[in-house]
Amino acid sequence: MNYYYITGTSRGIGKAIAENLLENPSNRVIGLSRQRSIDHPNYRHSFLDLTDPSTIAEFKFELHANAKKIYLINNAGVLGFIKPVGSLDAATIIKNFTVNLIAPAVLTNAFIECYDSRDAEKVILNISSGAGKTPIDGWAVYCASKSGLDMFSRVVDAEQKIRETKPQENIHRGFHVFSIAPGVVNTGMQDEIRSAQKEDFSRLEDFIGYKVNNELSEPEFVSKKYINILSNINNIKNVLSSIKDFE
Ligand SMILES: NC(=O)c1ccc[n+]([C@@H]2O[C@H](COP(=O)([O-])OP(=O)(O)OC[C@H]3O[C@@H](n4cnc5c(N)ncnc54)[C@H](OP(=O)(O)O)[C@@H]3O)[C@@H](O)[C@H]2O)c1
């Protein structure tokens with residue numbers, strides 16, 4: 001049996017990945033978000049608000065004794081506001097960093113602790129963004145949190161590679177970690193971007209153009225691509241990539 005913990009399964013990319021995975025009867029999906037929108041016998045939902053640090057810290061992964069694969073997909077993410085720094089709301093800055101960066105870090109730590117001695121294919125996939133590599137005005141918290149997620153992934157990967165060189169610690173298989181960006185996808189997040197105020201966001205017209213010119217990928221296409229990429233993790237050469245880097 002394969003177990004997939006996925007944050008943000010109520011809509012968008014996370015929902016599409018969960019629904020695609022559920023087409024395979026060997027897969028079990030545990031979704032983590034504030035709302036539930038999937039009803040399937042092999043799906044379970046944890047109603048979690050990932051802006052709440054104590055909720056994140058208390059989350060427990062289950063042992064899944066029969067697991068061949070165990071995955072954590074840190075997908076939940078928010079833009080929250082599109083405004084220049086200096087006009088942001090302090091509480092929302094804290095909440096957005098918590099969902100986008102602190103929650104994936106805390107969940108990844110608990111995931112590695114829980115499954116460290118398990119002999120299964122163990123993968124952490126972080127859904128990153130091109131915004132973590134390029135500054136975009138109005139998106140400071142989002143860009144910084146995605147950039148942090150990339151670096152966090154690189155450090156975890158470096159730690160796992162060091163572990164492989166130590167035979168006494170390398171009794172069990174290590175963890176693979178990837179931070180893979182989806183490109184621009186036709187979800188609620190893009191609706192939010194297009195509803196920004198022109199004076200707060202110099203690239204508003206670009207994002208309106210992506211929609212008008214049909215340049216947004218559909219979540220179903222993106223989810224199939226992620227699943228295809230993950231079907232052979234040995235083909236993933238770098239910790240950081242974009243789905244566009246794969247055939
Ligand atoms: N769409 C794009 O063009 C694009 C581009 C690059 C990267 N990404 C990344 O892709 C990922 C998915 O984005 P999307 O476009 O699918 O977004 P979306 O349609 O807005 O969905 C966001 C998901 O995150 C969950 N979420 C948000 N706040 C949460 C909270 N406080 N607690 C728990 N879950 C929470 C939501 O669930 P609830 O509201 O039910 O809690 C929802 O399921 C994000 O990490 C995003 O940064 C998207």
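**Figure 1. The shell around the ligand in this predicted model.** Thirty residues surround the ligand, and Gly8, Gly12, Arg34, Gly77 and Thr187 come nearest; a residue joins this shell if its C-beta atom, placed from the backbone, lies within 6 Å of the molecule. Helix H1 (12-21) and helix H5 (188-194) are the elements that give two or more residues to the shell. Helices are DSSP runs of H or I with at least four residues, strands are E runs of at least two, and both are numbered from the N terminus. By type, the shell holds twelve nonpolar, 15 polar and three charged residues. Here Ala, Val, Leu, Ile, Met, Phe, Trp, Tyr, Cys and Pro count as nonpolar, Asp, Glu, Lys and Arg as charged, and the others, Gly among them, as polar.

A word on conventions: residues are numbered from 1 along each chain as its sequence is written. Because the model is predicted, local features need pLDDT of at least 70 and side-chain atom pairs count only at pLDDT 80 or more, while totals for chains, interfaces and linings use all residues.

**Figure 2. Helix H1 and its surroundings.** Eight of the ten residues of H1 are buried, so this helix is largely enclosed by the rest of the structure. The buried ones are Gly12, Ile13, Gly14, Lys15, Ala16, Ile17, Ala18 and Leu21. A residue is buried if 20 or more other C-beta atoms lie within 10 Å of its own, exposed if 12 or fewer, and partly exposed in between, with C-beta atoms placed from the backbone.

**Figure 3. The largest nonpolar core, with 45 residues.** Tyr4, Tyr5, Ile17 and Ile73 touch the most other members of this core, and helix H3 (residues 90-115) gives the most to it, with seven residues. Apart from this core lies another, of eight residues, among them Ile82, Trp139, Val141 and Cys143. A nonpolar core is a set of buried Ala, Val, Leu, Ile, Met, Phe, Trp, Tyr and Cys residues joined through C-beta atoms within 7 Å. Leaving aside neighbours within four places in sequence, Tyr4 is in contact (C-beta atoms, placed from the backbone, within 7 Å) with Leu21, Asn27, Val29, Tyr71 and Ile73.

**Figure 4. Ser46 in strand S3 (residues 43-47).** Ser46 counts as partly exposed because it has 15 C-beta neighbours inside 10 Å. Not counting residues up to four places away in sequence, Ser46 touches Ile30 and Leu32. Arg28 is 18 residues from Ser46 along the chain, and their C-alpha atoms are separated by 14 Å.

Terms used. Contact = placed C-beta atoms within 7 Å.
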